[in-house]
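Me: I would like a careful, close look at a single part of this model, followed by whatever in the wider structure helps to place it. Please keep to what can be computed from the atoms.

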Amino acid sequence: MTKETDDDAAAPAPVSVRRRSRKRKMLLGAVALLAVGIIAAGGVGWWAVDHYTDRVERIPNAFPTHVPAAAQPSASTGGETFLLVGVDSRSDLPTTGKNAEAPEWTYGAQRSDTMMLVHLPKDHSSAYVVSLPRDSWVKIPGHGTAKLNAAFSWGGPPLLIDTVQRLTDVKVDHLAVIDWDGFKRLTDAVGGVDLTVDGSRRHMNGTQALVYVRERHSLPRGDLDRTHRQQYFLRAVLSKVMDPGTLSNPLKAGQVLSRLTDSVSVDDRLGNGDLRDLLWSSRGIRPAGMVFMNAPVTGTGMIKGQSVVLLDRAKDRILWDAMRKDSLKAYVAGHRTDRLGATTP
């Protein structure tokens, strides 16, 4: 894949943007949400679920409005689908979670460098994580064609959700967002992670892990290998949270949960009761049972002077149809997929 800078997303076009009156805090939302359920199941107590779900910041007005009926996603058969977003902000201040000191979205100032659709089937037997490369060349409502990560830059959560729903025809039930500051704090909260890089096991703190998941220029498949790095990291964090050393120590569990829930934000449609129900029903999910994969692509190319990822629309349609029909288990069993292995480049 041809090298490019992280700032070469399509330049923002002038539009009128309503500035929100207060600072609202905005993947790794799955880590925070599943972790609470895991800790609760581990015996810290249901009171902890009430306490920590109440700490999660909510994003108001996250979903698109006034979308034409023809552009609305089809109804899903079962399960729930989350859009997890990692935001690269140009602000030096944190923009997500309770520690936010800057607005979660300012026109042209943030890009969504990590986007994952996480589908939880109706029986909550597993979780399916599908990464959408940030350089995917897609149609963005009202802006023509551009890289997928430009949608968040131009229109925040509503435009990104609208873009993803039109691209996949899958309804996004909920949104979770974290910025890089929250990413580092989340990693340090679990004591860092152990990852295999170039055949060697390495322990990484938040700053080191951030460098690891953002790298793509030196990777054989560029953005596609970077999404696998992001998935690999997410799996490692989940495994660390589920470690008996965390589960059996109420003080340590509380410290981890406090940092996790302070770092991520979710849409305001996901109330505390919804979170409790979700966490309880998902308590049996473990990293080993989760499936991580990339959306099918035909390769990479150059468009308008930009290096882009070209999605395979025919194969993608089959994947999104399986997600919509809550039949991803059968899809994975019957199709070749770009799945995360034991390690990644």
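In what kind of contact do the side chains of aspartate 162 and arginine 166 meet, and at what distance from N to O?

Reply: The two side chains, those of aspartate 162 and arginine 166, meet in a salt bridge with an N to O distance of 2.9 Å (a salt bridge being a side-chain nitrogen of Lys or Arg within 4 Å of a carboxyl oxygen of Asp or Glu). The model is predicted, so local features need pLDDT of at least 70 and side-chain atom pairs count only at pLDDT 80 or more, whereas totals for chains, interfaces and linings use all residues. Residues are numbered from 1 along each chain as its sequence is written, and side-chain values use heavy atoms, with hydrogens and water left out.

Both partners belong to helix 3 (residues 150–168), where aspartate 162 and arginine 166 are four residues apart, about one turn of the helix (helices, H or I of at least four residues, and strands, E of at least two, are DSSP runs numbered from the N terminus). An α-helix has 3.6 residues a turn, so residues three or four places apart point the same way. The two ends of the pair differ in exposure: aspartate 162 is buried, with a relative accessible area of 7%, while arginine 166 is partly exposed at 38% (buried means under 20% relative accessible area, exposed over 50%, and partly exposed in between, with a 1.4 Å probe and protein chains only).

The pair between aspartate 162 and arginine 166 can be set beside others, as the structure holds 11 salt bridges. One of them joins lysine 147 to aspartate 135, with the closest N and O atoms 3.6 Å apart. That pair links distant parts of the chain, since lysine 147 sits in strand 6 (residues 144–147) and aspartate 135 in the loop between strand 4 (127–131) and strand 5 (137–140), 12 residues away. Lysine 147 is buried, with a relative accessible area of 0%, and aspartate 135 likewise counts as buried at 0%.

Another salt bridge, between arginine 226 and aspartate 223, has its closest N and O atoms 3.2 Å apart. Arginine 226 and aspartate 223 both lie in helix 6 (residues 223–241), three residues apart, which is about one turn of the helix. Arginine 226 counts as buried at 2% relative accessibility, and aspartate 223 does so at 1%. Elsewhere, salt bridges that share partners join Arg134, Asp135, Lys147 and Arg216 into one network.

Aspartate 316, in helix 10 (residues 313–324), offers a useful counterpoint. Aspartate 316 is buried yet has no salt bridge, the nearest side chain of opposite charge being that of arginine 313 at 5.1 Å (Lys and Arg count as positive and Asp and Glu as negative, with His and the chain ends not counted). Leaving aside residues up to four places away in sequence, aspartate 316 touches Ala295, Pro296 and Leu311 (contact means heavy atoms within 4.5 Å).

A further arrangement involves a positive side chain and a ring, in that the charged end of arginine 269 sits over the ring of phenylalanine 63, 3.9 Å from its centre (this requires NZ of Lys or CZ of Arg within 6 Å of the ring centre and within 35 degrees of the ring normal).

In the backbone, two residues other than glycine take a positive phi: histidine 124, near 50°, and lysine 304, near 55°. Histidine 124 is placed in the loop between strand 3 (110–120) and strand 4 and is buried, with a relative accessible area of 17%. Lysine 304, by contrast, lies in the loop between strand 12 (297–303) and strand 13 (306–311) and is exposed, at 63%.

Helix 4 (residues 180–189) is largely enclosed by the rest of the structure, because seven of its 10 residues are buried; among them are Trp180, Phe183 and Arg185. Just after helix 4, glycine 191 takes a positive phi of about 80°. Serine 265, in strand 10 (residues 265–267), is buried with a relative accessible area of 0%, and its C-alpha atom is separated by 6.7 Å from that of isoleucine 178, 87 residues away along the chain.

As for the chain as a whole, the protein has 11 helices and 14 strands, and buried residues make up 58% of its 345 residues.
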